Amino acid sequence: MARRSGAAGGAALAGILLVASTLAVLMSRPTAALSDEELTLNATVGSGGGGGGKLAFDYHAVSCPHLVTIVRAYVQTAVRGDATITPGLLRIHFHDCFPQGCDASILLAGPSREWGPAGMPANANLNLRAMQLIERIRAHVHAVCGATVSCADITAVATSEAVYASGGPLYGVPLGQMDSFAPAHPRFIGTLPAPSTADVNRLHGAFCGKGLCDLADLVALSGAHTVGYAHCPAFQDRRQDDAFGQQLQMNCRRNPSWAQILDMFTPYRFDNGYFFAVFYGNGVLTSDMALRGDPRTAQLVRAYAGNQAAFFQQFARSMQKLSYAPKPQGNVGEIRRFSCFRSNNGRYGADIADVTVATADEVSAGATDNVVDVSAVADEGSAGATASA
Ligand code: HEM
């Protein structure tokens, strides 16, 4: 069972907190959208024989007019009871879209293939409760609208609603993504940037390969680390020549299952606290610290630390761009009609819909971890697996 704490280096940061809380009053919730022209330019997901086509913000306006209302109700309730849902959804959505476009392939993977230490390390520690929320929403949406909305679309809308419910910007999502027939190929999963990446040019290259070519995309999207945790293996290579790095190292030596808050100021609030942390040298991952070390990205880090509205606006824009991450085969696939965790032909799937995980109360009481070690789930089968990391 992992312990979690934001205490690392906390005392030294009391003064910064004061600045942070002063700037917090500047918070706003802009709605932002790409222009029609940009949407056309960015429509790289292509169209194909699986029924998919161009994405559109109002894709489900006729077939499922209450989609957003239904998703919002589920997400708001879930986030109120369990603050790990927002970071969980954000990371799932990013890890779904980045490798081969937003196609819910991440939900199809299954413990032995891609999740956790036994599979692709990049996908370790995904939040199982957030995944189950996506499936619960799908079941309700399909009961109301028929099987018209893909799991990829539900994941994207749920993520946007979770950001909003946690204090972040309200942004629309381009919809109409098809679900993949199979999990993503490891070759594509391997395009996810490694947390040990210290060179901004390499991070930028990885993002640019997905259509996120502005440095502002890299910096603003990294701002998602304003919520959630990282586990020791993710930052073991971080520089240790500063007090914060030494504190992290000590925590992990004491407890290798340690889960470190990424934004120690406001770990569950979607705000610009992450940029304060990075600005003052308290980024947890090497890739976070890299943004501080390169003058081009350091300038953006400083700008977002001082202007939350600017961060929100760029974040919304970059999240919309993420929806257009290239799909190598075009927007082909199916709408998973039985479960987001199972392809319609039953060939691929993971049995995680009914796995029991820690309750929100247990998590907030620190009684257990917020993520399930899915390799343990695989071992234990269906019901009864509790959280461990
Ligand atoms: C710049 C490249 C990025 C790298 C190298 C990176 C890497 C990581 C790593 C290693 C973790 C910790 C996993 C663990 O140990 O549990 C993490 C957590 C997280 N990442 Fe990223 N990430 C990047 C960009 C992003 C983006 C673009 C988003 C979303 C838009 C995102 C959202 C998150 C969230 C919300 C968490 C916390 C998850 C939780 O607490 O459940 N990351 N990331």
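# A tour starting from Asp-263

Begin by selecting Asp-263, which counts as buried because 30 C-beta neighbours lie inside 10 Å, where 20 or more are needed. The model on the screen is a predicted one, and Asp-263 is found in its loop between strand 5 (259–261) and helix 12 (273–279). If neighbours within four places in sequence are left aside, Asp-263 is in contact with His-225, Thr-226, Val-227, Gly-273, Tyr-274 and Ala-277.

**The annotated group**

Now add Thr-226, Thr-266 and Asp-271 to the selection, since UniProt, in an unreviewed entry, lists Thr-226, Asp-263, Thr-266 and Asp-271 under "binding site". These residues span 46 residues in sequence, yet no two of their C-alpha atoms are more than 9.6 Å apart, so they gather at one spot. Within this group, Thr-266 lies in the loop between strand 5 and helix 12, and Thr-266 is buried, with 23 other C-beta atoms within 10 Å. Not counting residues up to four places away in sequence, Thr-266 touches Asp-271 and Gly-273.

**The surroundings of the ligand**

Next, select the ligand and the 22 residues around it, of which Asn-125, Leu-221, Ala-224, Gly-228 and Ala-230 come nearest. Which element supplies the largest share of this shell? Helix 4 does, with 5 residues, and helix 4 (85–100), helix 9 and strand 4 (229–231) each supply at least two. Coloured by class, the shell shows 13 nonpolar, 8 polar and 1 charged residues.

Stay for a moment with Asn-125, which is placed in the loop between helix 4 and helix 5 and is buried, with 26 other C-beta atoms within 10 Å. Its phi is positive, about 65 degrees, although Asn-125 is not a glycine. In the loop between helix 4 and helix 5 (128–145) you can also pick out Ala-104, a residue other than glycine whose phi is positive and near 60 degrees. Is Ala-104 buried or exposed? With 28 C-beta neighbours inside 10 Å, Ala-104 counts as buried.

**Pro-193 and helix 8**

Move on to Pro-193, which the UniProt annotation "binding site", from an unreviewed entry, also covers. Pro-193 is found in the loop between helix 7 (186–189) and helix 8, and with 18 C-beta neighbours inside 10 Å it counts as partly exposed. Leaving aside neighbours within four places in sequence, Pro-193 is in contact with Leu-203, Ala-206 and Ser-287.

Leu-203 leads into helix 8 (residues 200–208), where Val-200, Leu-203, His-204 and Phe-207 are buried. They cover an arc of only 100 degrees around the axis, which puts them on the same side of helix 8. An α-helix has 3.6 residues a turn, so residues three or four places apart point the same way. Display helix 9 (215–222), helix 13 (286–293) and helix 14 (295–306) as well, for the buried residues of helix 8 pack against these helices.

**The nonpolar core and the whole chain**

For the next stop, select Leu-107, Ile-134, Ile-154, Ala-158, Val-219, Phe-275 and Val-301, which have the most contacts inside the largest nonpolar core, a set of 89 residues. The largest share of this core, 9 residues, comes from helix 6 (residues 151–165). Centre the view on Ile-134, whose contacts, apart from neighbours within four places in sequence, are Leu-107, Cys-151, Ile-154, Thr-155, Ala-158 and Cys-340.

Finally, zoom out to the chain, which has 17 helices and 5 strands and in which 52% of the 389 residues count as buried. Among contacts between residues at least 6 apart in sequence, 78% join residues at least 24 apart.

Note on methods:
Residues numbered from 1 in each chain as written. Predicted model: local features only at pLDDT ≥ 70, side-chain atom pairs only at ≥ 80, totals over all residues. Buried ≥ 20, exposed ≤ 12 C-beta atoms within 10 Å, placed from the backbone. Helix = DSSP H or I, 4+ residues; strand = E, 2+ residues; numbered from the N terminus. Arc of directions from axis to C-beta. Contact = placed C-beta atoms within 7 Å. Near = placed C-beta within 6 Å. Nonpolar A, V, L, I, M, F, W, Y, C, P; charged D, E, K, R; others polar. UniProt positions renumbered as here; feature names shortened; annotations may be inferred. Core = buried A, V, L, I, M, F, W, Y, C linked by C-beta atoms within 7 Å.
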